[in-house]
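Hi,

Here is the structure I promised to send over. Have a look at it first, and my notes follow underneath.

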Amino acid sequence: IINSEEWREVPVATPFIDRYTGNPPADETRAWLAYDDQALYVAFYCYDAQPEGIIAREIRPNSSFEGEDRVTFAIDPYNIRRDDSFSSFTVNALGTQSEQIAGGRANKREWRGVWEAKAQRMPDGWSVEMRIPWAIVPYPESQTPLPMAINFIRYQARTKIESRWSAFGLTYRPETIGTWQAVQVPPKPLNTRPQLLVYTAPEYANGSAQEVRGGLDVRWALNSQLTALVSLKPDFRNIEGAVERVEFSRREQSLDETRPFFLEGDDYYDTTIRYGFGTMFYSQRIREFEAGVKLFGNLRTSHQFGALWVHDSDRQAGLISYQWVPNANRLVRLFGTADMRPNARETLYGARLRYRQGNWDTAFQGAVLQPHGKGIIGAYDVAVTYSVPRFFGSWRWLSVEPSFRPRLALIPFDDRRGWNFYSEYNNEYRQGALRRVQATFYTVRTERFTRQPLERLWETELDLTWRSDYELELGFEEGTFERERDRVFKVSLGGNVSDRYRSWRIGYEWGTRADRPVRYLTTRFTRRLFGRVDLSVNTAVLEFGERTHQTVVTLGWEIDERRAITGRLVQRNGATNWYLAYRDAGGLGQDLYVILGDPNARRFTERVAVKMVWAL
């Protein structure tokens, strides 16, 4: 970390602006940025009139710092100015680091890259210094100086104010992000030696059965812009997946992806290509495979490419995606997917066009499906949005032909056409009892291709957050789905909502769903115990014809920044599964995991697995 003397000749970035008031907050923030051929150097000084109120708890790298004092440096060397083109580096007031690298990275430190940060408490606030090697930041090769989009951001936990050096308006405008002019980037070091991750996972299950599994991941920089990834027999069994929620829904739930193979480089090929009529590539459709290959990167400054292919004994599936992104206001995406099984080949092709001008944003999205032995089936939508400070509105027309059900996609409903409208109002207040207000309105009218009504629905919600950290949500929904009536009232109350270590929430819905009475009760409770142990309890009870009950309890003991003991218990209608795991991971060198139980089983499994990962 560079010392304070070296910052005296570096220009200072100030003032930071509160995006809701357009004025500097009471406590000033200053930032500095410098570089050489090896690294970027960033410093923040965060003044605080009440330094005893600075909040920082998290010690595990790449954790969420929600509700904590933190600073972020964001940089887009390609100057595209899209959210997914920025690499961001965040540090809390303890010096704990978190990064999001443009393009997407898996969790192993050798693949994410190593950078340094140090935080220090001061009598009048706190400070941070960062050293970020160029080697871990995606950037274009250039013999001439480049402009780069940058921003400095601070969140003050005591006042709950986020302030920014640039792009601070209520209506996000990418062209207002700050520009770092005339940056002479160093030649890109090309590591021609592939990076290897090798794992072995012996396990003992069901009293006698023994199994030793192993696999290999290879990451190889083909050139300065393109990266290849090969995965042989990946270990998905010991990765904790998302838990499907208990709730009333007429559509399949969308679960977050947690598996490293699908996360690495996912911004380039977009693991979840979400259109208004559905998700065109839903990686959860691929549960297991024997071998997988990915290729991703920038073909040129504004041209992005990604491809994925997996092979199993009875199936092959893949995705290819190309994006032209000249700036944040224009985008052209072309993609295709294929799912090939014996006597059941299926292909899908799609496109997205987007153009923004001033307060208006328009987009067209479409896809055509060719199932095995059948004709072409299509779907498309057109969206127009309008945004000004504190208000956002979007109107969308969509059409999804009957039987448009790609096997690699997540489509809520086929055989529908019609429109929907969504609007939202947001505001924050710096004085008075009320801190934040959000109001939304949504309505949809769709029909079958036979002109039979499908959805006739409207709903509205009001979300109020008080300065005392209580939050009240009120909602109402009414309409019909295939002529079955819904009429539901919703209320939710939460406390300590900005403090994830001691928050709570209770929600209740009642009324009519599909012409039948419905009652839905949810509770959530989180607490940090003994300074290092985090407990979370979530419950849900749905009464809709029959009673469905779910309880999810998670426990985590952060021993230090590498070692932890974690566990989760899931109980649903009498079926109980739990697991307990020890982790020594997150740094360089060998990672070790010891797992009792199966994280993703429906019922508890007598199983002990030891997983070791080496970076070579």
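Let me start with a cavity: Pro77, Tyr78, Ile80, Asp84, Ser85, Ala102, Gly103, Pro138, Asp267, Tyr268, Asn298 and Gln304 line the second largest one. Its volume is about 80 Å³, and the search of the whole structure turned up three cavities of 30 Å³ or more. By class, that lining has six nonpolar, four polar and two charged residues. For the terms: on a 1 Å grid over the protein atoms alone, a cavity is a set of points where a 1.4 Å probe fits but cannot get out, and lining residues have an atom within 4 Å of a point. Grid points are joined across faces, edges and corners, and the volume is the space filled by probe spheres set on the points. Nonpolar covers Ala, Val, Leu, Ile, Met, Phe, Trp, Tyr, Cys and Pro, charged covers Asp, Glu, Lys and Arg, and the others, Gly among them, are polar.

Before you go further, note that this is a predicted model, where local features need pLDDT of at least 70, side-chain atom pairs count only at pLDDT 80 or more, and totals for chains, interfaces and linings use all residues. Residues are numbered from 1 along each chain as its sequence is written, and side-chain values use heavy atoms, with hydrogens and water left out.

Now the overall picture. The chain has three helices and 38 strands (DSSP runs numbered from the N terminus, H or I of at least four residues for helices, E of at least two for strands). Its C-alpha atoms fill a box of roughly 75 × 60 × 50 Å along the principal axes. The radius of gyration is 25 Å, which agrees with the value near 25 Å for a compact globule of 616 residues; it is taken over C-alpha atoms, and the globule rule is 2.2 Å times the number of residues to the power 0.38. Buried residues make up 51% of the 616, where buried means under 20% relative accessible area, exposed over 50% and partly exposed in between, using a 1.4 Å probe and protein chains only. Of the contacts (heavy atoms within 4.5 Å) with a separation of 6 or more, 53% are between residues 24 or more positions apart.

A few residues are worth clicking on. Asn92 sits in strand 6 (residues 87–92) and counts as buried because its relative accessibility is 0%. Its side chain makes a polar contact of 3.0 Å with the side chain of Glu68, and also reaches the backbone nitrogen of Leu94 at 3.0 Å. By polar contact I mean a pair of N or O atoms within 3.5 Å; within protein, one must be able to donate a hydrogen and the other to accept it, and residues adjacent in sequence count only if both atoms are side-chain atoms. Not counting residues up to four places away in sequence, Asn92 touches nine-odd partners you can pick out on screen, including Phe65, Asp69, Ala119 and Trp126.Asp361 is in strand 23 (residues 360–370), and at 13% relative accessibility it is buried too. The side chains of Asp361 and Arg354 share a polar contact of 2.6 Å. Leaving aside neighbours within four places in sequence, Asp361 also has Tyr355, Ala383 and Val384 among its contacts. The C-alpha atoms of Asp361 and Ala119 are 41 Å apart, with their positions 242 residues apart along the chain.

Gln253 belongs to the loop between strand 15 (226–232) and helix 2 (260–263). Gln253 is buried at 9% relative accessibility, and its side chain reaches the backbone oxygen of Arg245 at 2.6 Å.

Thr522, in strand 32 (residues 516–529), is partly exposed with a relative accessible area of 23%.

Last, some backbone geometry. Most residues other than glycine have a negative phi, and most peptide bonds are trans. The bond from Thr14 to Pro15 is cis, with omega near 5°, and Pro15 is in the loop between strand 1 (12–13) and strand 2 (17–18). Asn62 has a positive phi of about 65° and is partly exposed at 29%. Arg390 has a positive phi near 75°, in the loop between strand 24 (377–388) and strand 25 (391–400).

Cheers

Technical notes. 1 Å grid on protein atoms, 1.4 Å probe; cavity = no way out; pocket = protein on both sides within 12 Å on 5 of 7 lines; lining within 4 Å.
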